[in-house]
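Thanks for coming. I will go through the empty space, the cores and the backbone of one structure, in that order. Please have a look at it first.

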Amino acid sequence: MTDLAAPDDLILLNPGPACTSPGVRAALLRGDLCHREPEFAALLARLRTSIPRCLGVPDTHETVLITGSGTAAMETAVIGSVRAGRKLLVVNNGVYGARLLAMAEAHGIETVVVQAPWTTPVDPVAIADCLRSDGHIDAVACVHHETTTGMLNPIAEIGTIVRDHEAVFLVDAISSTAIESPDLAEAGADIICGTANKGLHGIPGVSFLLLSTAKGVDRVAAVPRRSVYLDPAAQLAAQRAGDIPFTPAVQTCYALDEAITEYETAGGYAARVRLYRERAAVVRAGFARLGLPVLIEEPYRANAVTALELPTGVAYPALHDELKRRGYVIYAGQGRLSRTHFRIATMGEIPLPRLVELEGALEESIRHLAKARSA
């Protein structure tokens, strides 16, 4: 058996952090810069303009940049969406919906939960019923792409429902930004969580909110202050003035700047979504030939993550290690799926030939483990 692949040769098939381009990595070396200098103010202004532009909402949403992972953006959005004495409706049909719920509960925000199975998109009618029956619901929070299972929730339909109410619509688009349809303009969300890594192919460590000028900006100004670091109103006010209240990840901002340039040069949103659809078709054809069942039914599958049933008698740790020896890093199932399923993500800068070769690497790994088991 060969040794483990060198880190530079590994293809990350986990749903973040994702592989990055040489240009994005090189941007980290642009140099050290104090964030109180005019050069950083220019970089900040450029990112605050380029993020909504490249995601199709340049005229309707304003950016709040956050130093932290996508989870930091999620928590900022949760605490910035609900006014005092009101409620947050949370769609819970996966680990990340449950995380939104846990964040609200940690900050003492009353919640209403619309529950659905992990393999089933939420029914928008259930959300409409809750909004009609409970006038204290101030925000509706939903994960677009539940990377728990690789399933999409119907955010455009939910957005249409929420639009007719005083409530704001909060979408966790962290794993769907620049990857999935519908685009953010179609979703009509008021508070959108995104991240530099994953679909934008930047470096982890910077996330963002997109606040709609119709509802989102006013809402974060109206909520009580629930955090110092993750206060969206304070962050927005400072960033409008060309500043950030706390030390940002300057080099990661450089990398995001470069990632957006590469994204737009390659054709922007339409080209990126097309790329991810092509990747999904390539790897899923291989999964079908290998007889690996996909957890989520076809109409609800995301482009970038596929949850697969583990072959009979094959444990995830063994499969992970065999594939890593062949140059691929896969990801475990979450929660109750951890013993029965594994996940393969096709996010980031991945050469198509390596995805074509994945089928052979999987086949070799499964055959090797079956042979070892029978020896």
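How much space lies in the largest cavity? About 60 Å³. Before I go on, note that this is a predicted model.

The search covered the whole structure and found three cavities of 30 Å³ or more. I will describe two of them.

The lining of the largest cavity takes in Leu-55, His-144 and Ile-155, then a group made up of Ser-176, Thr-177, Ala-178, Glu-180, Pro-182, Asp-183 and Leu-184, and lastly Tyr-269. By class, that lining has six nonpolar residues, three polar and two charged. Please keep Leu-55, Ile-155 and Pro-182 in mind, since all three are on that list and will come up again.

The second largest cavity has a volume of about 50 Å³. Its lining includes Leu-65, Ile-66 and Thr-67, along with Tyr-229, Gln-235, Ile-244, Phe-246, Thr-247 and Pro-248. Which element gives the most to this lining? Strand 2, residues 61-67, with three residues. Here the classes come out as six nonpolar, three polar and no charged.

Now the open space. The largest pocket holds about 380 Å³. It is lined by 23 residues, and those nearest its centre are Pro-15, Gly-70, Thr-71, Ile-174 and Lys-198. Helix 3 (70-79) and helix 4 (95-106) each supply at least two residues of the lining, and helix 3 gives the most, with three. By class, the pocket lining divides into eight nonpolar, 11 polar and four charged residues.

Next, the packing. The largest nonpolar core has 48 residues, and the members that touch the most others are Ile-51, Leu-55, Leu-89, Ile-127, Val-140 and Phe-169. So much for the list; Leu-55 is the residue I mentioned from the lining of the largest cavity.

What does Phe-169 touch, leaving aside residues up to four places away in sequence? Val-140, Cys-142, Ile-155, Ile-158, Gly-159 and Val-162 are among its contacts, and so is the run Ala-187, Gly-188, Ala-189, Asp-190 and Ile-191. Ile-155, in turn, is one of the residues lining the largest cavity. Another core, of 31 residues, lies apart from the largest one; Val-78, Leu-100, Leu-101 and Cys-193 are among its members.

Last, the backbone. Most peptide bonds are trans, and most residues other than glycine have a negative phi. There are exceptions of both kinds to show you here.

Take the peptide bonds. Gly-16 and Pro-17 are joined by a cis bond, with omega about 0°. Pro-17 sits in the loop between strand 1 (11-12) and helix 1 (22-27). Ser-181 and Pro-182 are also joined by a cis bond, again with omega about 0°. Pro-182, which we met in the lining of the largest cavity, is in the loop between strand 8 (168-172) and helix 7 (184-187).

Then phi. Lys-198 is not a glycine, yet its phi is positive, at about 60°. The residue lies in the loop between strand 9 (191-195) and strand 10 (206-212). Is Lys-198 buried or exposed? At 12% relative accessibility, Lys-198 counts as buried, the cut-off being under 20%. Lys-198 is also one of the residues nearest the centre of the largest pocket.

His-201 is found in the loop between strand 9 and strand 10 as well. His-201 has a positive phi of about 65° and is not a glycine either. With a relative accessible area of 2%, His-201 is buried.

That is what I have. I will take questions now.

Methods:
Residues are numbered from 1 along each chain as its sequence is written. This is a predicted model: local features need pLDDT of at least 70, side-chain atom pairs count only at pLDDT 80 or more; totals for chains, interfaces and linings use all residues. Side-chain values use heavy atoms; hydrogens and water are left out. A nonpolar core is a set of buried Ala, Val, Leu, Ile, Met, Phe, Trp, Tyr and Cys residues joined through side-chain atoms within 4.5 Å. Buried means under 20% relative accessible area, exposed over 50%, partly exposed in between (1.4 Å probe, protein chains only). Contact means heavy atoms within 4.5 Å. On a 1 Å grid over the protein atoms alone, a cavity is a set of points where a 1.4 Å probe fits but cannot get out, and a pocket is an open set with protein on both sides within 12 Å along at least five of seven lines; lining residues have an atom within 4 Å of a point. Grid points are joined across faces, edges and corners, and a volume is the space filled by probe spheres set on the points. Ala, Val, Leu, Ile, Met, Phe, Trp, Tyr, Cys and Pro count as nonpolar, Asp, Glu, Lys and Arg as charged, and the others, Gly among them, as polar. Helices (H or I, at least four residues) and strands (E, at least two) are DSSP runs, numbered from the N terminus.
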